[in-house]
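User: I am new to this structure and would be grateful for a close look at a single part of it. Please describe the surroundings of one residue in a loop, and then place that residue beside other parts of the chain.

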Amino acid sequence: MATPEIQNGSVSVMAAAPLAGPLDQNGHSAAALRVSSPIRIFLFFHKAIRAELDGLHRSAMALATNRGGGDIKQLTEKCHFLRSIYKHHCNAEDEVIFPALDIRVKNVARTYSLEHEGESVLFDQLFALLNNSMKNEESYKRELASCTGALKTSISQHMSKEEEQVFPLLNDKFSFEEQASLVWQFLCSIPVNMIAEFLPWLASSISPDERHDMRKCLHKIIPDEKLLRQIIFTWMDGLKICNKRKCYEDDPRSRSSGSPNEYGHRSCESSQNSDGDIRSDCGATTSSLYFPIDDILLWHKAIEKELIDIAEAARNIKFNEDFSDLSAFNRRLQFIAEVCIFHSIAEDKVIFPAVDAEISFVQEHAEEESEFDKFRCLIESIESAGTNSSAEFYSKLCSQADHIMETVKKHFRNEESQVLPLARKHFSPERQRELLYQSLCVMPLRLIESFLPWLVWSMGEDEARCLLYNMLIAAPASDTALVTLFSGWACKGCPGGICLSSFAIGGCPVEEIKETKENFGTSCNSCACSSTLNESRTCGLASSEVSGTLSQKASQTNQFCCVPGLGVSRNTLGMNSLSAAKSLRSLSFVPSAPSLKSSLFNWETETDSNISDLTARPIDTIFKFHKAIRKDLEYLDVESGKLSDCDENFIRQFSGRFRLLFGLYRAHSNAEDDIVFPALESNETLHNVSHSYTLDHKQEEELFEDISSALAELSQLHENLNAKNVSGNLSESPSGSSSHSNSLKKYNELATKIQGMCKSIKVTLDNHVMREEVELWPLFDLYFSVEEQDKLIGRIIGTTGAEVLQSMLPWVTSALTQEEQNKMMDTWKNATKNTMFSEWLNEWWEGTSAASSHVSTENNSSQGYEAHESADQSDNTFKPGWKDIFRMNQNELEAEVRRVSRDSTLDPRRKAYLIQNLMTSRWIASQQKISQARTTKPEDGEDSLGCSPSFRDSEKQIFGCKHYKRNCKLRAACCGKLVACRFCHDEVSDHTMDRKATSHMMCMNCRQVQEVGPVCITPSCNALPMAKYYCSSCKFFDDEREIYHCPFCNLCRVGKGLGVDLFHCMTCNCCLPMNADHKCIEKGLETNCPICCDFLFTSCTVVRALPCGHCMHQSCFQAYACTHYGCPICSKSMGDMSVFFGMLDALMASQVLPEEYRNQCQDILCNDCDRKGTAPFHWLYHKCGLCGSYSTRVIKVDRDPNCST
């Protein structure tokens, strides 16, 4: 078998272990995926990082609560170590794992890289706090504990998401060998000095069994080369030997007879001429001393030479206008940029701190990085323009190359004049060599493998020997194998194929490692070089990526060092290694917050995500909520520190604000999960783009629940403390005082914990919404039209209940400017233009408070969108007889007139008589009431107004009427009568009752008239609820059903509520079951029933929607379907008619037409498929030949006897 390298989407392989065991459907061994998968090593990394985070947070909490074990200095050291470990872990993922995954599975990796940037900001904030001067204040300690808790939560959630989404994809999309290759590249991308600490720390953080599994895993990951395995396992075992290599007795360097002994040996004369070049002569003895630190000048010389070559290549491109090899030129620029960045990191982390803490070239390093970025962007612009590139592009290319060269030269000269003299003066040669070796180890292995031969090629032979000798002397004895590897790689850059190491150290370093001698063959007796090329072990530097001239000289010799290569191709890493290198610089000085734009996947053309430059779109409404969320999160973060003050009013206010945010966040996240994200995923190019955000919502929901539970516990503790204070137990006994002290201590610890949790939820949600705005927001511009965005907004609003809107609108608008408020409301009104939303909004905004209009007496606390909701319907429809003619309201009279008019059994004279009496019945009824009022007096004045109670069940004394169960009567604003409901009023009145105009009610228990409300305000009733459900908009009470108020119908309807079991379709303007598959007809419910002609929108009976989109009453449908199967409006079939049409087929086959009609055809129009066709002649049934429907109409009879069907 073989271990692969992913190269530009293809796979090359090298040796690795085979799989064993039965294979699953994906071709993997199930046991291997569970135990032996190379990806498993990342789980060990995560476990170790979690343990470190736990320890860090425990230390901060101990400091904040004045428990033992808290120390600022120790905490700072832990933070520095954790940051270094985690940062390099993230960089290796960004450089290796995510680009490889993005090739196989799109739209997954970028959000995790954005999270890495957010976590970097968290570390910055933590270190800024650690450097604060207010370290002795209690508030500082609590804030420190909060920051460590937020860091722990954020990173733990990030790793959990990777384990749930990323690792399964790596297991599924990559073979065992490919996984091993990815993990090996991951390890080779971590700087050498860091991985030497990383592996032993990792091994110590896991159990012995897991450590054993990890060693087995590494055996399958590391290429089958003993030298490489010895290096890795030496690091993992944590062998740290402080003894340095001693000088060989046969030192090739001549001693300086006139120099003091403390400066060591003088191996070569090195001086700098006026041009900055280094002159070396290892064989000569001079009067000047040799300083190992001057080897930095060799690095500078090589970098300057490469930049000069790049500038010359840029001029050649300009003059020849040959851009065919721009990709190679770009890779070459990437290499030298990466070398410069890591050189800057080495200076910032190793050399400058050792020489003088005051020295800093941060500004120069940042300027160089910026210039390289500009150069790279310019090259990419030329590549994308192709043959259309103008001369101006080439001029800019040359100018930028020259500018970079001058900038770097100036920087190097400043360092050489300010830093090197201090290093020569204050450090011994041994210390100087250590600094150089540590500077080299700042690079990762995969860069050192290319850097050393490139560097050696630019030197003279003596200079190269000095470099290797200094490296050998400075390295600790535990790095013997590593130095051997470095020496062998360096030898590959020697133009003549000479083994530099044998001359530099007096022998072949390979001979010092007996374990590796067998691996190099018997030909390596005294030299680290082999006269023959072993292709399987050679890691030659791709010359096109580093230096064109180097390739020419390297081709002149066939002698390469026999040490193994890493087997990691630079093509695999692409340009992301540069991004990782740039992010590492944040560890060397105080960093700033990263840009919102991810720099990782810069091989793809990304849409500019600068939000401020985008024009207003309907989908922007979603992100208006982000602004309100951020505002409340800031409140929770800042004000949570006051919980320790034991202020009851503040605790109540804080808890209420938190519950409001929790409920509205839940509504927002549900809308995204149910509507927005599925819309994105429906586009094939956007698959997987939202999965990570759905996982975020689950984690954030859990965090909100934890805070809610903690606040409830805090409130209970506060009540207990108050009770003890009131009872006076504190003054009675020492035990009472001790109990109070313990309770107070527990209260303070819990308050500190809640403060940390509030910081965590703020950090988590801030990062979440930032990533949504950077990654998801621009996608709507690319893939959704304005009309599609309007529909999305309408669907979101259509699943939002009235009580949620009443809480949400003031909450959102309070965080927006007036202009933003106007834009948001314009978007909402446009999305709801077919509905009654504006009417509801005006009624609520002007006449009621922002509090919820629906109160559940079972639970008086606000339940967000989960409050009881339903519709105003009466199951007992009024069915009048002739004796009730004078008690009908106007709608009932009109319906009865239509019924009489359609009755074909009545004699025309009788029909006219009945209609005339019906039409004049209103006047007759009014005359009868006037006569009764004059001749009779009520026995009880109160009864004339309806003050006596009414009963739904008189035997059980249950208040209400035949329509509703309720404990109150309403005073009609029109006539002042007290009635149980509007239906009861309309049945006995010649006018209808406007229920929304009702302002007073009478409690039927105490018979007191009062303002309409959910409960009786009379003390004797003790807040007796009028019904389980109350709507302040409709003045509606119901004690039996689940009711909700739809703000878009502006009516109460039966159901659990919008977003629960129903949603409001903004096109049809009606409430429909969730996920209902219906055909939209604009304002389809704002019409009369085609059967009974009652207005459907406000109808009290159940309405049925037909497949064609038209509606009718359920009862009308049942009666109509007995004799018809076509819609009375459009004639389309009202359901699945396949059985009925099959029966008609059998009937047609059994009927024999007369001879003169058999060959005749008829042109028909099918009502179901809306297409024309022909059918055989029949006096009743005509089947559509296209869809098989019998719902057709004849448009022409063809009497041609030759007509064929």
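Analyst: In this predicted model, lysine 1132 is situated in the loop that connects α38 (1114-1120) with α39 (1138-1150). Is this lysine buried or exposed? Its relative accessible area is 15%. Because the limit for a buried residue is under 20%, lysine 1132 counts as buried.

The side chain of lysine 1132 has a polar partner in the backbone: it reaches the backbone oxygen of aspartate 1168, at 3.4 Å. Aspartate 1168 also appears among the residues that lysine 1132 touches. Leaving aside residues up to four places away in sequence, lysine 1132 is in contact with Cys1108, Tyr1125, Gly1126, Cys1127, Asn1167, Asp1168, Asp1170 and Ser1191.

Two cysteines in other loops may be set beside this lysine. Cysteine 1093 belongs to the loop between β18 (1070-1073) and β19 (1103-1105). Its phi is positive, about 70°, although the residue is not a glycine. With a relative accessibility of 27%, cysteine 1093 is classed as partly exposed, whereas lysine 1132 is buried. Cysteine 646 is located in the loop between α25 (620-639) and α26. Here too phi is positive in a residue other than glycine, with a value near 60°. Cysteine 646 is partly exposed, at 27% relative accessibility.

The loop of cysteine 646 leads to α26, which spans residues 648-681. The axis of α26 comes within 10 Å of the axis of α29 (residues 786-798), and the two cross at roughly 160°. The helices are therefore roughly antiparallel to each other, and the crossing is right-handed. On the side of α26, the contact is formed by Ala671, Ile675, Val676 and Ala679, while α29 contributes Leu792, Arg795 and Ile796. Sorted by class, this contact comprises six nonpolar residues, no polar residues and one charged residue.

A second helix pair is found at α30 (residues 802-813) and α31 (residues 818-831), whose axes come within 10 Å and cross at roughly 145°. The crossing of α30 with α31 is right-handed. Leu805, Met808, Leu809, Val812 and Thr813 of α30 meet Gln821, Met824, Met825 and Trp828 of α31. The contact between α30 and α31 has seven nonpolar residues, two polar residues and no charged residues.

Side-chain polar contacts also occur at residues within helices. Glutamine 179, in helix α6 (residues 176-188), is buried at a relative accessible area of 2%. Its side chain is joined to the side chain of serine 37 by a polar contact of 2.6 Å. Arginine 413, by comparison, lies in helix α13 (residues 391-418) and is partly exposed, at 29% relative accessibility. The side chain of arginine 413 makes a polar contact of 3.0 Å with the side chain of glutamate 304. Arginine 413 and leucine 297 are 116 residues apart along the chain, and their C-alpha atoms are separated by 9.9 Å.

To return to the loop residue, lysine 1132 is buried, and its side chain reaches a backbone oxygen, that of aspartate 1168. The polar contacts described for glutamine 179 and arginine 413 instead join one side chain to another.

Methods: Residues are numbered from 1 along each chain as its sequence is written. This is a predicted model: local features need pLDDT of at least 70, side-chain atom pairs count only at pLDDT 80 or more; totals for chains, interfaces and linings use all residues. Side-chain values use heavy atoms; hydrogens and water are left out. Axes are lines fitted to C-alpha atoms, for helices over the stretch in contact, and angles run from 0 to 180 degrees between N-to-C directions. Helices (H or I, at least four residues) and strands (E, at least two) are DSSP runs, numbered from the N terminus. Angles under 35 degrees count as roughly parallel, over 145 as roughly antiparallel, 65 to 115 as roughly perpendicular and the rest as oblique. A crossing is left-handed if the near helix is turned anticlockwise from the far one by less than a right angle, and right-handed if clockwise. Contact means heavy atoms within 4.5 Å. Ala, Val, Leu, Ile, Met, Phe, Trp, Tyr, Cys and Pro count as nonpolar, Asp, Glu, Lys and Arg as charged, and the others, Gly among them, as polar. Buried means under 20% relative accessible area, exposed over 50%, partly exposed in between (1.4 Å probe, protein chains only). A polar contact is a pair of N or O atoms within 3.5 Å; within protein, one must be able to donate a hydrogen and the other to accept it, and residues adjacent in sequence count only if both atoms are side-chain atoms.
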